[in-house]
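Here are my notes on the model you sent over. I've gone region by region, so keep the structure open while you read.

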Amino acid sequence: MSLPNATYRLQFRNGMDFERAVGLIPHLVRLGISHLYASPIFSAVSGSTHGYDIVDFNEIDPALGGFEGFARLVGELKAHGLGIILDIVPNHMAAHLENSWWHSVVEWGQSSAFAGYFDVDWRQPLTLPFLGASFEEELAAAKIRLAFDRDRTCLAFAYYDALYPLNPASYPAVLEGCSSALNGLVAVANRAESTDAAAFRAGITSAVETLSVAAALDEHLQRVSTDKPFLERLHEMQSWRLTSWKTARDKLSYRRFFEIAGLVGLRVEDPAVFEATHRCVLGLVEAGLVDGLRVDHIDGLADPENYLLRLRERAGAHAYIIVEKILEASEPLPENWPVDGTTGYEFISALADLLSDESSELWSDGHRSATERAVTECKLQVLSHNFNTEVKRLTGLAACLRDDDAPSTDDERMAEAVRRLIAAMPVYRTYLRGRGASERDSQILGEIGSEARAAAPEVGAEIAMIVVRLKSNDGCADRQLAAQFRTRFQQLSGAVMAKAVEDTFFYRRGDYLAANEVGAAADWTPGGVDRFHEKMRERASRSPAGLSATSTHDTKRGEDARARLYAISEAPELWEAAVARWRDMNGVHHQQGADAPEASVEQFLYQSLLGAWPIEPLSDPKDLAFLQERISNFAVKSLREAKLRTSWDSPDEQYEAATTAFLHEMLGWRNREFLDDFEKTAAPFIRAGLINSLSQTLVKLTAPGIPDIYQGSERLDLSLVDPDNRRPVSTRPSLAEVPRQPTISDFQDCKQTLIGLCLNYRQARGRELLANGEYLPLDVHGPAARHAAAFMRRTENELCITVVPRLVLRHVDAGSLSLPAGLWRDTYLLRPQDCKPRRLLNLATGGTVEPQRCIPMAEILRGFPVAFLVPR
């Protein structure tokens, strides 16, 4: 298998289609990209902005250009020597009527040919939580009526533009008392069989093909729609129930993606479902059109290992396969997964170790314990509210697994045991299967059992019983039930970790936003250069082909925004004093009686604003207005994710309006005192952040792993969380070399040119070296040693050296993108003793470094803040 040299993540939709992607190819070639890494391309819900709400796995979305457009894109990529990696979504698809499989399930219920495709609990009617209020309320408001769906050729309940198909078994009730003109339709309805849905559909089409019959049907349905008691009875006849969207948190009959009722879980563990959902994409792989696959949300699957084994077998050994997997600290990727690595969130955490000040006063003695308490609170909150329906389902299963001689218990006690165990999980999930728990998983279960019993001793017996059932089937009368409980427990634990930490706690904690990132441990504290080297050595040995990401479509902020936020760890007292000063300045902008935003929220917003603040001074009111709009939209999303005073399902619009009004006043053009003070205070953080950006960029390009460039981040990426990071891509030509003595206005050219120089080196002379070379940390000695990090990659015949600065906030010069030579006085890079001294070329600047054992850092970093050294 030929591994990628570097990937370029491109988000289709939002103005990007296959034709426009073709226009980017020359830019990708110049950068040294080997593979376009595409977001989902299969047909999604109309107007989808992301493509993860797939409605047809076997059709390339016509909105993007269809198969013909995709084939042309691939042809152009291949003609330029590039490949393509596709993002695939095996865990879920859209619970939307545009999805023909889902439509069939709604229409025919459990007798549908596709009923087994979706993870539905058929012991109850299929819940459809898509109404604005209850069915009865919407019916009383005349928002629900009967209609004939001419596109799908079926009778349906109409609710705005949605047409929910009636079960054909209920057609006779609807057509009772109809005119003789509809006798043909009545006859077809009486013969309806789910086993021959196509014949039924053809019969309906034939029965209503004349205009007079169609008009008679419309007249009849209009008359019946006035009989609200009948419509209520008709609703009860269906295999589904229309309910308010708010009921999904308490009653839902299908597994969903996280807490999104519009995305229904797939039973991809069923070989037939696997084949049906992968037929098209595997055909593209087999035809040589697609080179690799990125598997979305692997932890949501019932059996990730078995799925990946099947995928590898079908895709072949030549396919590059990576998984979206969040690895907690010291958690390895399961060794028996036949994949090439992850999408690289753990690489972002390693960079946080490198670029954060490990000696900062931010990491107080009580930091870890306070964080653990806060995270547990967040987990219990989402378990009791957002995921209450999933907890109820687990509770019912657990109650059935009790031993006959076990003491009786009620549902709430069992539910509390489930919540406490999941809240104690230190990782996203375990990988328990019928063969029993691995040593690692058994240890995790033992630890969470002890922690859960200590937190809730009153349900200790229930906790102990659940742990026993999770570990093993031994002694369990109903092994199938035990397997179902085990699977659902594991599918839920990952969703809870994601929503409680990434999408709740990280929106509450505002002291150091650089650490609030996907894949970061909530209680993370920086380990400095030593821990970074440790992680890179491990990466070189365990996952050399995984992606090295710095920005993705899921990260909380763009890589260059995060890079400047790292600098806060170097001067928290300076930042804290500024925040106090700004709160005084902007106190007048708080809305009277609103108590918004609170001090903690204001702190969060100031750091967010620092991340998004432009490099150059704001001199145009239009630019300020654009920033104001972005921050306001971000603020509302952040407040809802934090789930303290407002949320997605219970929005406090008055509170949100008060916060956005505060931001509009604060960022108003006339608020010069604050704007000038903020710009002045932010300036050194911004300059240090630009140095950090170049450091993390060079490390990504040369450390173990495959560099992944998110669309547009080859230049300045100050984006906020999705959807702010989906803005259109605009490209600029790269320079032949980085500018001499660059200024901060040269940053974007410097970053893009550095990427191009290093990736083209990787693609040619450095291919074997940077794909498989040994990772060797290098020592830096002298008074400024803590301000630099260096490592060597080497094989028997080749080597290269990466040198980057760190912790430079107090050493950046105004306007300059270089560091003063005086910083490096008497500080040296020490070559390994077993490495023969050779004359080195700095690929970034074209300068040379003479062969010597101790190389002066001032010589290495002359004229440019980072250095990539290769033998001349």
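1. A word on naming before anything else: helices (H or I, at least four residues) and strands (E, at least two) are DSSP runs, numbered from the N terminus. With that in hand, Gly 65 can be placed in the loop between strand E4 (54-60) and helix H2 (66-79). Please also keep in mind that this is a predicted model.

2. Staying with Gly 65: is this residue buried, exposed or partly exposed? Its relative accessibility is 35%, so it counts as partly exposed. If you skip the neighbours within four places in sequence, Gly 65 is in contact with Phe 18 and Phe 70. Ile 41 is 24 residues away from Gly 65 along the chain, and their C-alpha atoms are separated by 9.7 Å.

3. Next, strand E1 (residues 7-10). Thr 7 and Arg 9 point one way from the strand, while Tyr 8 and Leu 10 point the other way, and all are buried. Arg 9 has an aromatic partner too: its charged end sits over the ring of Tyr 37, 4.6 Å from the centre.

4. Which strands does E1 pair with? One is strand E18 (residues 706-710), in the parallel sense over 3 bridges, and here Thr 7 stands opposite Asp 708. Another is strand E2 (residues 35-38), also parallel, over 4 bridges. On that side, Thr 7 stands opposite His 35. To get from E1 to E2 the chain runs through helix H1 (residues 18-31), a β-α-β crossover that is right-handed.

5. Have a look at the open sheet of 3 strands, which has the order E8-E9-E10 and antiparallel pairing. Why is one side of E8 and of E10 left without a neighbour in the sheet? Strand E8 (144-149) and strand E10 (162-165) stand at the edges and each has a single partner strand, so nothing in the sheet flanks the other side. Neighbouring strands are turned by 40 degrees against each other on average, direction ignored.

6. Within that sheet, strand E9 (residues 154-159) and E10 pair over 4 bridges in the antiparallel sense. If you want to find one of the pairings, Ala 158 has Leu 163 in E10 as its bridge partner. Helix H3 (residues 100-108) packs on the sheet and touches E8, E9 and E10, with its direction at about 55 degrees to that of E10.

7. Now the aromatics: a search of the whole structure finds 33 aromatic pairs. One of them is Trp 363 with Trp 524, edge-to-face at 5.6 Å centre to centre and 85 degrees between the planes. This pair links distant parts of the chain, 161 residues apart: Trp 363 is in the loop between helix H12 (345-355) and helix H13 (367-384), and Trp 524 in the loop between helix H18 (479-502) and helix H19 (528-542). Both Trp 363 and Trp 524 are buried.

8. Trp 582 and Phe 674 also form an edge-to-face pair, at 6.0 Å centre to centre and 90 degrees between the planes. Trp 582 lies in helix H21 (residues 572-586) and Phe 674 in helix H25 (residues 672-702), so the pair ties together parts that are 92 residues apart in sequence. Trp 582 and Phe 674 are both buried. They belong to one aromatic cluster, along with Trp 575, Tyr 606, Trp 613, Phe 678 and Phe 685.

9. One last contact to check on screen: Arg 672 lies over the face of Trp 669, at 4.7 Å from the ring centre.

How values were computed. Residues numbered from 1 in each chain as written. Predicted model: local features only at pLDDT ≥ 70, side-chain atom pairs only at ≥ 80, totals over all residues. Heavy atoms only, no water. Pairing = 2+ DSSP bridges. Axes fitted to C-alpha atoms, helices over the stretch in contact; angles between N-to-C directions. Contact = heavy atoms within 4.5 Å. Phe/Tyr/Trp six-rings, centres within 6.5 Å; stacked < 30°, edge-to-face > 60°. Buried < 20%, exposed > 50% of the residue type's maximum accessible area, 1.4 Å probe, protein only. Lys NZ or Arg CZ within 6 Å of the ring centre and 35° of its normal. Right-handed = clockwise from strand over helix to strand, strands pointing away.
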